[in-house]
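Please open the model in your viewer and keep the sequence panel beside it, so that selections can be made by residue number as the tour moves along.

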Amino acid sequence: MAEKIEKIVAKLPRMKDVNKVAGLAELRLAEGDATFVADLGIALNEKYGAEGDSLWQYRSLFGTLLRLLTVTPGQEIIEQGLRLAATTESSKRSQSRHVASLLASSHPPQDLAVVFAGGSFACACL
C-alpha cells in the first residue's frame, strides 16, 4: 500500500487530471479501506503541504479525500477523516471549521460520538 501511495504522491505535480486518483480513493473507501484514503491525504500533505496552495493537483485531490472521509457514513471512516484532519491541522488552521461543517451536516449526532471521545483536535473541530 505504501508503495502505491508513494508513486501517486511523486506523480501528482505532473498530472493533468486527478480524477483517476480520486476514483481510486472512492473505490478503496467503498471496499472498506478508509485507512488508504487517509494515508494518501497525509502523504500528500507531508510532501506538498507548504506549497500545496499553489499546486492545483494537491488542492483538488486533498479536498476530495477530506470530503470523502468526512461525509461518508461509518465510524471507522469518521475516525480516519479526523486522523487526516488532525495530521494536517497545523498547516491549515481554517480547516477545522470546514471539517466540523462537513461532519455536522453529514452525520446524525449519535454517529459523532467518536469526535468528542477523540482528543483535542476532534473536540475542537466541533
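The tour goes from the whole chain to pairs of helices, and then to single side chains.

**The whole chain**

Begin with everything displayed as a cartoon, bearing in mind that this is a predicted model. Colouring by secondary structure should bring out 8 helices and 0 strands, and following the chain from the N terminus gives the order α-α-α-α-α-α-α-α. Of the 126 residues in the chain, 46% count as buried. Among contacts with a separation of 6 or more, 69% are between residues 24 or more positions apart.

**Helix 1 against helix 3**

Next, select residues 2–11, which make up helix 1, together with residues 34–48, which make up helix 3; their axes come within 10 Å and cross at roughly 40°. An angle of 35 degrees or more, but short of the 65 degrees at which perpendicular begins, falls among the oblique ones, and helix 1 and helix 3 are therefore oblique to each other. The crossing of these two helices, helix 1 and helix 3, is right-handed. To see the contact itself, show the side chains of Ile 5, Ile 8, Val 9 and Ala 10 on helix 1, and on helix 3 those of Phe 36, Asp 39, Leu 40, Ala 43, Leu 44, Lys 47 and Tyr 48.

While Phe 36 is on display, add Arg 28, which lies over the face of the Phe 36 ring at 4.0 Å from the ring centre.

**Helix 3 against helix 5**

Keep helix 3 and add helix 5, residues 75–88. Helix 3 and helix 5 pack at an angle of about 10°, with their axes 9 Å apart, and they are therefore roughly parallel to each other. Helix 3 contributes Ala 34, Thr 35, Ala 38, Asp 39, Gly 41, Ile 42 and Asn 45 to this contact, while helix 5 contributes Glu 76, Ile 77, Gln 80, Arg 83, Leu 84, Thr 87 and Thr 88.

Centre the view now on Gln 80: is this residue buried or exposed? Gln 80 counts as buried, because its relative accessibility is 12% and the cut-off for buried is under 20%. If neighbours within four places in sequence are left aside, Gln 80 is in contact with Ala 34, Thr 35, Ala 38 and Leu 69. A distance label drawn between the C-alpha atoms of Gln 80 and Phe 36, which are 44 residues apart along the chain, should read 9.2 Å.

**Helix 4 against helix 6**

Move on to helix 4, residues 56–71, and to helix 6, residues 95–106, whose axis comes within 8 Å of that of helix 4 and crosses it at roughly 40°. Helix 4 and helix 6 are therefore oblique to each other, and their crossing is right-handed. Here Phe 62, Leu 66, Arg 67, Thr 70 and Val 71 of helix 4 meet Gln 95, His 98, Val 99, Leu 102, Leu 103 and Ser 106 of helix 6.

**An aromatic pair in helix 4**

Finish within helix 4: how many aromatic pairs does the model contain? The count comes to 1 aromatic pair, and Tyr 58 and Phe 62 form it, stacked, at 5.5 Å centre to centre with 25° between the planes. Both Tyr 58 and Phe 62 belong to helix 4, where they are 4 residues apart, about one turn of the helix. Colouring by accessibility shows Tyr 58 as buried, with a relative accessible area of 1%, and Phe 62 as buried too, with 4%.

Key. Residues are numbered from 1 along each chain as its sequence is written. This is a predicted model: local features need pLDDT of at least 70, side-chain atom pairs count only at pLDDT 80 or more; totals for chains, interfaces and linings use all residues. Side-chain values use heavy atoms; hydrogens and water are left out. Rings of Phe, Tyr and Trp (its six-membered ring) pair if their centres lie within 6.5 Å; planes under 30 degrees apart count as stacked, over 60 as edge-to-face and the rest as tilted. Buried means under 20% relative accessible area, exposed over 50%, partly exposed in between (1.4 Å probe, protein chains only). A charge sits over a ring if NZ of Lys or CZ of Arg is within 6 Å of the ring centre and within 35 degrees of the ring normal. Axes are lines fitted to C-alpha atoms, for helices over the stretch in contact, and angles run from 0 to 180 degrees between N-to-C directions. Angles under 35 degrees count as roughly parallel, over 145 as roughly antiparallel, 65 to 115 as roughly perpendicular and the rest as oblique. A crossing is left-handed if the near helix is turned anticlockwise from the far one by less than a right angle, and right-handed if clockwise. Contact means heavy atoms within 4.5 Å.
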